[in-house]
Amino acid sequence: MRIVLIGFGNLGRGLSRALVQKAGFLRRDHGLIPRVVAAVDEFGAVVDEKGLNLAGLLKTAEGKGTVALHRGAKRGRLALQVIEGIEADVVYELTPTNIETGEPGLTHIKRAMQAGRHVITSNKGPLVVAFRELDSLAKRCGVEFRYSASVGGAIPAVGLAKKLLAGNKIREIRGVLNGTTNYILTRMSTEGAPFEIVLREAQELGIAEKDPTLDIEGIDTACKITILANSLLGTNAGLKDVKVAGIARVRPEAIRLAQEAGQTIKLVGTAKRGSLEVGPKLVPLGHPLAVGGTLNAVTFELDLAREISITGFGAGPRETSSSLLGDLIDIHRTLGG
Ligand code: HSE
């Protein structure tokens with residue numbers, strides 16, 4: 001499979017490392033031979049239609065901060081040129097999220113689909129701004145569209161619900177979908193540590209958004225619950241449809257009182273048909289949503305299975321590469337590979 005990588009930051013590099021490490025496994029166990037023919041970042045692009053040497057490219061990107069300084073690279077903003085001009089089966093859109101316009105990811109995804117490429121993305125922006133449009137464009141163009149990595153990092157929430165739970169009607173989705181706020185709330189509850197100090201620690205862990213108010217004010221969770229609702233409940237919601245409260249007003253005292261009553265406080269996103277909400281909620285200790293540290297969790301309420309929960313790592317390049325690679329294998333299988 002010929003692959004184009006648009007975005008070579010943390011996630012693009014994490015995926016590339018996984019592709020290098022798992023080349024033998026992918027060929028033997030899945031009959032899949034991924035050939036990355038181009039890698040692009042905001043400063044330039046490297047192209048080799050025979051397949052790039054990813055290990056070498058990773059060295060350049062890690063050492064010099066961009067693929068544009070790799071041997072043979074072209075400089076400039078070349079994403080659209082590569083998407084439309086380089087023959088490929090799959091385009092990975094892994095550029096940073098912009099939740100207001102969805103750009104540049106939104107245009108990258110549309111042009112890739114129009115050029116007949118299957119698309120895999122981790123980018124929340126385009127999915128929040130234009131989920132329905134992208135979903136129908138993929139169908140009109142006859143291409144596959146996957147976005148498992150956009151919600152819950154390594155947690156296969158979308159695939160679980162769409163495939164293995166397909167016989168159920170989903171009544172409600174609840175999720176602890178932001179590792180940064182979960183880490184802060186956990187540290188406040190275990191050590192009574194002050195908010196500002198733990199926020200700094202969460203930033204040092206590298207999972208907070210560039211602008212951490214997106215985490216703290218519940219916007220990141222709102223994006224993820226919107227994506228889950230649009231994808232799994234068939235809604236056509238945007239961020240404006242989500243009632244959002246963050247964790248800034250949660251005091252250690254409130255957490256202590258909750259604990260005395262056998263509960264904990266989590267930032268929970270909730271999606272039902274007709275209502276989307278994010279806010280601090282009491283969760284019984286021992287419930288699958290009461291995960292600690294940077295973990296994420298999703299609970300589905302279903303007509304047949306009743307309740308199914310899944311927990312795991314919601315961020316990090318290695319963890320998220322699990323979803324990015326899973327989507328590739330899924331497309332390969334869907335196409336009969
Ligand atoms: N800032 C996000 C989090 C990163 O803390 O979960 C993953 O989307």
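Visitor: What makes β12 and β13 a pair, and in which sense do they pair?

Guide: This is a predicted model, and in it strand β12 (residues 295-302) joins β13 over eight bridges, in the antiparallel sense. Two strands count as paired if there are at least two bridges between them, so β12 and β13, with eight, qualify. For a spot to look at, find Phe300, which stands opposite Ile308 in β13.

Visitor: Why is β13 called an edge strand?

Guide: Look at the whole sheet to see that. Six strands make it up, in the order β9-β11-β10-β8-β12-β13, with mixed pairing, and the sheet is open. β13 (306-313) and β9 (242-244) each pair on one side only, and they are the edge strands. On average, neighbouring strands here are turned by 25 degrees against each other, if you ignore direction.

Visitor: Which helices pack on those strands?

Guide: Helix α11 lies across β8 (170-176), β9, β10 (263-272), β11 (275-284) and β12, and runs at about 40 degrees to β10. Helix α12 (residues 252-260) packs on the sheet too, touching β10 and β11, and its direction makes about 95 degrees with that of β10.

Visitor: What makes the largest cavity a cavity, and how much space lies in it?

Guide: A cavity is a place where a 1.4 Å probe fits but cannot get out. The largest cavity holds about 50 Å³ of space, and the structure has one cavity of 30 Å³ or more. Its lining includes Thr97, Lys124 and Glu209. Helix α11 (residues 219-233) turns up again here, giving the most to that lining, with three residues. The lining residues split into four nonpolar, one polar and three charged.

Visitor: How do you know where the largest cavity lies relative to the domains?

Guide: Check who lines the cavity. Domain 1 (2-153 + 317-334) and domain 2 (161-313) both give residues to the lining, so the largest cavity lies between them.

Visitor: And the second largest pocket: why is it said to lie where it does?

Guide: The reasoning runs along similar lines. Domain 1 and domain 2 both give residues to the lining of this pocket, so it lies between them. The second largest pocket has a volume of about 630 Å³. Of its 24 lining residues, Arg146, Gly159, Lys163, Asp327 and Asp330 are the closest to its centre. Helix α13 supplies the largest share of the lining, seven residues.

Visitor: What kinds of residues line that pocket?

Guide: The lining of the second largest pocket divides into 10 nonpolar, five polar and nine charged residues.

Conventions:
Residues numbered from 1 in each chain as written. Predicted model: local features only at pLDDT ≥ 70, side-chain atom pairs only at ≥ 80, totals over all residues. Heavy atoms only, no water. 1 Å grid on protein atoms, 1.4 Å probe; cavity = no way out; pocket = protein on both sides within 12 Å on 5 of 7 lines; lining within 4 Å. Points joined across faces, edges and corners; volume = space filled by probe spheres on them. Helix = DSSP H or I, 4+ residues; strand = E, 2+ residues; numbered from the N terminus. Nonpolar A, V, L, I, M, F, W, Y, C, P; charged D, E, K, R; others polar. Domains from an automatic or database assignment. Axes fitted to C-alpha atoms, helices over the stretch in contact; angles between N-to-C directions. Contact = heavy atoms within 4.5 Å.
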